[in-house]
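Good morning, colleagues. Please take a moment with the sequence and the model before I begin.

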Amino acid sequence: MGILDGMLGNASKIDIEDLREDFAKVLAPNERVEHAYQLIRDYFVFTDKRLVVVNIQGVTGSKKEYHSIPYKSVTHFSIETGGTLDLDADLKIWISSTSEPFTQKFNKRLSIYEVQAVLASYVLK
């Protein structure tokens, strides 16, 4: 149900088995997918070595950009929880040698705290 939730605009956790075959071609030898989250059309994947943000492009969604962020390149990160009027939460990740953070919005269906905890577990090793 994760991909359907994503298409409906609901952030959701993806069963990593659903990604294994398609995602295998971008993994390094001995790298493994451990967590994945769908956000509308795009998704991001936590492997044991890096965060991979997949940007689905075009009307058919056949064009994909895979943006890799090695955990060692993350200088800091933050979460901004939703408020009374602005219900979306934000995850911001600063990457070494960039001044602007990578920002991803979450709605209340996926806990920003869960995603932040997963990111922290890799960055703070």
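I shall go from the chain as a whole to its sheet, then to the cores, and finally to one loop residue.

Please keep in mind throughout that this is a predicted model. The protein chain contains three helices and eight strands. Read from the N terminus, its elements follow the order α-β-α-β-β-β-β-β-β-β-α. The chain has 125 residues, and 38% of them are buried. Its accessible surface is about 7,400 Å², and carbon and sulfur atoms account for 54% of that area. If we take the contacts between residues at least 6 apart in sequence, 35% of them link residues at least 24 apart.

Let me turn to the sheet. Five strands form an open sheet in the order S1-S2-S3-S4-S5, and the pairing is antiparallel. At the edges lie strand S1, residues 12–13, and strand S5, residues 63–70, each of which pairs on one side only. As general background, strands of a sheet pair through backbone hydrogen bonds, in a parallel or an antiparallel manner.

Going across the sheet, S1 is joined to strand S2, residues 33–39, by two bridges, and the two strands run antiparallel. Within that pairing, Ser12 has Gln38 of S2 as its bridge partner. S2 is in turn joined to S3 by six bridges, again in the antiparallel sense. Here Leu39 is matched with Asp42 in S3. These two strands, S2 and S3, make a hairpin with two residues between them, and Ile40 in the turn shows a positive phi of about 55 degrees. Next, S3 and S4 pair antiparallel over four bridges, and a hairpin connects them through two residues. One bridge of this pairing sets Phe46 opposite Leu51 in S4.

How many of the six residues of S3 are buried? Five of them are, so the strand is largely enclosed by the rest of the structure.

That brings us to the cores. In soluble globular proteins, nonpolar side chains tend to be buried together. In this model the largest nonpolar core comprises 21 residues, and those with the most contacts inside it are Phe44, Phe46, Leu51, Phe106 and Val115. Two or more residues each are supplied by S2, S3, S4, strand S7 (89–95) and helix H3 (112–123). H3 provides the largest share, namely six residues. Phe46 shows how these parts meet: beyond its neighbours within four places in sequence, its contacts include Val33, Tyr37, Leu51, Val115, Val118 and Leu119. There is also a second, separate core of 10 residues, with Leu19, Val33, Ala36 and Val54 among its members.

I close with Asp48, which sits in the loop between strand S3 (42–47) and strand S4 (50–57). Is this loop residue buried or exposed? Asp48 has a relative accessible area of 17%, and because the cut-off for burial is under 20%, Asp48 counts as buried. What does its side chain reach? The side chain of Asp48 comes to 2.9 Å from the backbone nitrogen of Arg32. Residues up to four places away in sequence aside, Asp48 touches Asn30, Glu31, Arg32, Glu34, Tyr71 and Tyr122. Of these, Glu34, Tyr71 and Tyr122 are also in contact with Phe46.

Thank you for your attention.

How values were computed:
Residues numbered from 1 in each chain as written. Predicted model: local features only at pLDDT ≥ 70, side-chain atom pairs only at ≥ 80, totals over all residues. Heavy atoms only, no water. Pairing = 2+ DSSP bridges. Buried < 20%, exposed > 50% of the residue type's maximum accessible area, 1.4 Å probe, protein only. Polar contact = N/O pair within 3.5 Å; in protein donor to acceptor, adjacent residues only side chain to side chain. Contact = heavy atoms within 4.5 Å. Areas by Shrake-Rupley, 256 points an atom, 1.4 Å probe, with all protein chains shown as cover. Core = buried A, V, L, I, M, F, W, Y, C linked by side-chain atoms within 4.5 Å.
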